[in-house]
Amino acid sequence: MDQNHVEGDLELDQTLYTEEQITTRLQELARQIEADYEGKDLLLVGVLKGAVMVMADLARSLERHVEMDWMAVSSYGSGTQSSGVVRILKDLDTDLNGRHVLIVEDIIDTGLTLSWLITNLRSRGPASVEIATLLRKPDALQMDVEVRYVGFDIPNAFVVGYGLDFNERYRNLRCIGTLSPHVYL
Ligand code: 5GP
Ligand code: MG
Ligand code: MG
């Protein structure tokens with residue numbers, strides 16, 4: 001199946017970014033990251049589950065050694081609205097003291113989850129904490145969170161694929177797209 005041209009039972013309304021476009025953009029970010037962290041150790045922290053694909057592809061685009069660790073967090077809130085009240089479901093295995101940490105995210109929407117995460121990680125004595133996200137929505141710009149590496153700024157639509165889910169489905173699509181309304185209406 002050619003997942004870049006998803007139709008029929010996968011029900012994508014519109015492809016926003018193809019696998020190729022994602023790969024190209026991650027390569028560009030990788031070159032920036034290599035330059036910025038030259039001579040420094042680097043720990044990538046992926047936020048489960050959405051960041052699995054970005055982490056895998058970004059890490060493999062980097063022509064240098066990195067360590068990878070994972071966190072799972074759950075944001076309390078009503079429905080799809082995130083509240084900024086966050087609970088750690090799976091913590092890091094790594095001691096952050098003195099480490100250069102790069103948080104790897106799939107998407108920043110309100111940015112509430114992320115700003116909580118940054119405060120949490122900064123309290124652990126790292127040398128630095130920066131953020132890389134594949135996607136960012138306009139609302140995130142209202143948060144006082146500086147995001148160093150952004151793949152794409154996207155409109156305020158609900159997107160799936162490349163790690164992003166709707167009810168735990170669509171994460172395994174190679175592209176990123178919007179859902180047809182009849183899937184969720
Ligand atoms: P924030 O705290 O930035 O509002 O929440 C970010 C999280 O909300 C993301 O990690 C993701 O799980 C979810 N999210 C936000 N926007 C979208 C979207 O367009 N599609 C999907 N599948 N998840 C989203
Ligand atoms: Mg995420
Ligand atoms: Mg989700």
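Glutamate 168 is exposed in this predicted model, because there are only 7 other C-beta atoms within 10 Å of its own, where 12 or fewer are enough for a residue to be called exposed. Glutamate 168 sits in the loop between β8 and β9, and its phi is near 70 degrees, a positive value in a residue other than glycine. Most residues other than glycine have a negative phi. The loop between β8 and β9 also holds tyrosine 170, whose phi is near 80 degrees and thus likewise positive in a residue other than glycine. The surroundings of tyrosine 170 can be read in terms of its neighbours: 22 C-beta atoms lie inside 10 Å, so tyrosine 170 counts as buried, the threshold for that class being 20 or more. One loop thus holds an exposed residue, glutamate 168, and a buried one, tyrosine 170.

The two strands that border this loop pair with each other, β8 and β9 (residues 176–179) running in the antiparallel sense over 2 bridges. Within that pairing, valine 160 has glycine 177 of β9 as its bridge partner. Both strands belong to an open sheet of 3 strands, in which the order is β1-β9-β8 and the pairing is antiparallel. The edges of this sheet are formed by β1 (12–17) and β8 (159–160), each of which pairs on one side only. Strands of a sheet pair through backbone hydrogen bonds, either parallel or antiparallel.

Parallel pairing is found elsewhere in the chain, around strand β5 (residues 100–108), which is mostly covered, with 8 of its 9 residues buried. Strand β2 (residues 43–48) runs parallel to β5 and is joined to it by 4 bridges, and in this pairing glycine 46 has valine 104 of β5 as its bridge partner. Strand β6 (residues 128–136) also pairs with β5 in the parallel sense, over 8 bridges, and here isoleucine 108 stands opposite arginine 136 in β6.

Beyond the end of β2 the backbone has another feature to note, since the peptide bond from leucine 48 to lysine 49 is cis, with omega near -5 degrees. Most peptide bonds are trans. Lysine 49 is found in the loop between β2 and α2, and the path along the chain then leads to helix α2 (residues 52–61).

Methionine 55 is found in helix α2, and with 23 C-beta neighbours inside 10 Å it counts as buried. Leaving aside its neighbours within four places in sequence, methionine 55 is in contact with Leu44, Gly46, Met68 and Val104; two of these residues, glycine 46 and valine 104, are the bridge partners already met in the pairing of β2 with β5. In the other direction along the chain, the C-alpha atoms of methionine 55 and tyrosine 37 are separated by 17 Å, although the two residues are 18 residues apart in sequence. Tryptophan 70 is 15 residues from methionine 55 in sequence, and their C-alpha atoms are 9.8 Å apart in space. Tryptophan 70 lies in strand β3 (residues 67–76) and is partly exposed, with 19 other C-beta atoms within 10 Å. Apart from neighbours within four places in sequence, tryptophan 70 is in contact with Gly46, Leu48 and Lys90, so that Gly46 is in contact with both methionine 55 and tryptophan 70.

Helix α2 also packs against helix α1 (residues 19–36), at an angle of about 55 degrees and with the two axes 9 Å apart. The two helices are therefore oblique to each other, and their crossing is right-handed. Thr23, Leu26, Gln27, Leu29 and Ala30 of α1 make this contact with Asp57, Leu58 and Ser61 of α2, and these residues divide into 4 nonpolar, 3 polar and 1 charged.

Taken as a whole, the chain has 4 helices and 9 strands, and from the N terminus on its elements run β-α-β-α-β-β-β-α-β-β-β-β-α. Of the 185 residues in the chain, buried residues make up 30%. Among contacts between residues at least 6 apart in sequence, 65% join residues at least 24 apart.

Notes:
Residues are numbered from 1 along each chain as its sequence is written. Chains are lettered from A and ligands numbered from 1 in the order in which they are written. This is a predicted model: local features need pLDDT of at least 70, side-chain atom pairs count only at pLDDT 80 or more; totals for chains, interfaces and linings use all residues. Axes are lines fitted to C-alpha atoms, for helices over the stretch in contact, and angles run from 0 to 180 degrees between N-to-C directions. Angles under 35 degrees count as roughly parallel, over 145 as roughly antiparallel, 65 to 115 as roughly perpendicular and the rest as oblique. A crossing is left-handed if the near helix is turned anticlockwise from the far one by less than a right angle, and right-handed if clockwise. Two residues are in contact if their C-beta atoms, placed from the backbone, lie within 7 Å. Ala, Val, Leu, Ile, Met, Phe, Trp, Tyr, Cys and Pro count as nonpolar, Asp, Glu, Lys and Arg as charged, and the others, Gly among them, as polar. Two strands pair if DSSP finds at least two bridges between them.
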